[in-house]
Amino acid sequence: MGAVTGPAPVECEDIAWFRDDPVLPASARGAAAALARRVGLDSHRVSEVALAVTEAATNLQRHAVDGSLALRVLRTDSSAAVEFVTVDAGPGMADVGAALSDGVSTAGTLGIGLGAVARLADVFDIHSSPGKGTVMAAQFWPRNRRDARTSVPPDAVAAGITRPISGETVCGDAWAVRIDDGRDGSGRAMLAMLCDGLGHGPLAARAGEAATGAFRRSTSGDPEAIMREVHTALRGTRGGAVAVARLEPDRGRVLLCGVGNVSGFVVGPGVRKSLVSAPGIVGHHMRTLRTFEQPMVPGGALVLHSDGLTERWTLDSMPGLLGHGPTVIAGQLLREAAVRRDDAGVVVVKGAW
C-alpha cells in the first residue's frame, strides 16, 4: 500500500486493528510504543506516541459506540512514522473545535485532551458527524530535539484503509497508489489500484500482496496494461476483483479499468458518478478489458472500494468531509458502509493536487 503526498509517494503498511475491549487502551499503547521504537523514533517521541494513543483509545472505550483503532507505519525514502486512525459509530461531536480546546478531556482519561493529541502529532485530522460517528488520524514523524521536528511530507492527496473481517488478523483487500510523471507525453496522473482477494485470511491476503507488487513494479500508465500485468501476477493465487484507475488532474478526468465486484465513484458536492467494472476474476478469467471515463468533479475525489462496503452511502450525510484528508474520508466511508462479515478496503484520491 502507499499514500501519496504531493509529488512523492509515502508507503503505508497497516499493522493491526484494536477493537472495543476493556483492555483497548493498554494493548494499543503497548503496540504503539513498540511500533514507534521499531521504526526508529527516539525515546521521547515514543513516549509522546504512547501518550496520544492512550488518550485516543480511552476516549473510544469510555464514550464511543463500536470504537476501533488502527496502527500503521508510513515510510519515505529517508524516514518512517507511526500513524493511528480511530473510527467509531457515535455519538459524534457537534462542535469539534470545542473538543480540541485546552482543558477539555474525557472523564477518566489521562486528562491531556484531544487538543494536546493534535499538538503532539505532526499531521492531525478529524471529522465528526453528530449521531453517526467520528474518524481521527494522527501521524508522528521523527523530531529533532533542537529544531522541534524533521521534515514532514506535504498533505496527502491519496490514501486508503483496509480492515479484515471479524476474527481475522490479515486482510484480503489491498491497495496501492503511484504517480505517472507523464514523460511519455500522456500528462501527469495519479494511478490507484484496489484488489479484493477472493475469500478471507492468509490466502486472500496473498492475492492482494501479489496485486500490489505487480502494480508497483509496472512502468505503464495505462489501466488496461496494468490490469494485464496484475492478471499474470495473480495466477497461482485465489485471484480477486481488481480496479485500476488513472486520475488526470490537468485533463479533469478519471479512467478506470475494473474486473469483478470493486466499486468506483467520482464524488463531489451533491455528485456521485459511478465507474463500471466488467465481470471476471483477475488471475483466472477476464473478458475483453474496457476502460471507462468520467469527468472529475471540481473539488471532488475518486473513491474505490471493495464489496466489503455497501454502495448505500452518500457524502451528503457527512457535511464537510471532502475538505478533509483522504485517510479521514476513507475512514468515514468505512464507518458508514463497511460490513463485519467481509474484508473491507477503501482508496480515496483527491481531484486537485
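**Close-up views of a predicted model**

**View 1. Helix H4 within the predicted structure.** Helix H4 (residues 113–120) is largely enclosed by the rest of the structure, because six of its eight residues are buried. The model shown here, and in every view below, is predicted. The buried residues of H4 are Gly-113, Leu-114, Gly-115, Ala-116, Val-117 and Leu-120. Which elements cover these residues of H4? The covering includes two helices, H2 (43–63) and H3 (96–99). It also includes the strands E4 (80–87), E5 (123–129) and E6 (133–140).

**View 2. Strand E18 and its two faces.** Strand E18 covers residues 344–350 and is mostly covered, with seven of its seven residues buried. The residues of E18 point in two ways: Ala-344, Val-346, Val-348 and Lys-350 lie to one side, while Gly-345, Val-347 and Val-349 lie to the other. Are the residues that point these two ways buried or exposed? On both sides, all are buried.

**View 3. The strands paired with E18.** E18 pairs with strand E17 (residues 301–306) in the antiparallel sense, over five bridges. Within E18, Val-348 has Val-303 opposite it. E7 and E18 also run antiparallel, and six bridges join them. Ala-344 in E18 has Arg-163 standing opposite.

**View 4. The largest pocket and its lining.** The largest pocket holds about 550 Å³ of space. Four elements each give two or more residues to its lining: strand E2 (8–19), strand E7 (156–163), strand E8 (173–180) and helix H5 (201–217). Which element gives the most to this lining? The answer is E2, with seven residues. In total, 25 residues line the pocket, and those nearest its centre are Asp-14, Thr-162, Thr-169, Val-170 and Cys-171. Sorted by class, the lining has twelve nonpolar, eight charged and five polar residues.

**View 5. Confidence along the chain.** The pLDDT of the protein averages 90, and 92% of the residues score at least 70. Where does pLDDT stay under 50? This is the case over residues 103–111. For residues 103–111, the model has 22 contacts beyond four places in sequence. Where pLDDT is low, predicted coordinates should not be read in detail.

Notes:
Residues are numbered from 1 along each chain as its sequence is written. This is a predicted model: local features need pLDDT of at least 70, side-chain atom pairs count only at pLDDT 80 or more; totals for chains, interfaces and linings use all residues. Side-chain values use heavy atoms; hydrogens and water are left out. On a 1 Å grid over the protein atoms alone, a cavity is a set of points where a 1.4 Å probe fits but cannot get out, and a pocket is an open set with protein on both sides within 12 Å along at least five of seven lines; lining residues have an atom within 4 Å of a point. Grid points are joined across faces, edges and corners, and a volume is the space filled by probe spheres set on the points. Ala, Val, Leu, Ile, Met, Phe, Trp, Tyr, Cys and Pro count as nonpolar, Asp, Glu, Lys and Arg as charged, and the others, Gly among them, as polar. Buried means under 20% relative accessible area, exposed over 50%, partly exposed in between (1.4 Å probe, protein chains only). Two strands pair if DSSP finds at least two bridges between them. pLDDT is the predictor's confidence in each residue, from 0 to 100. Contact means heavy atoms within 4.5 Å.
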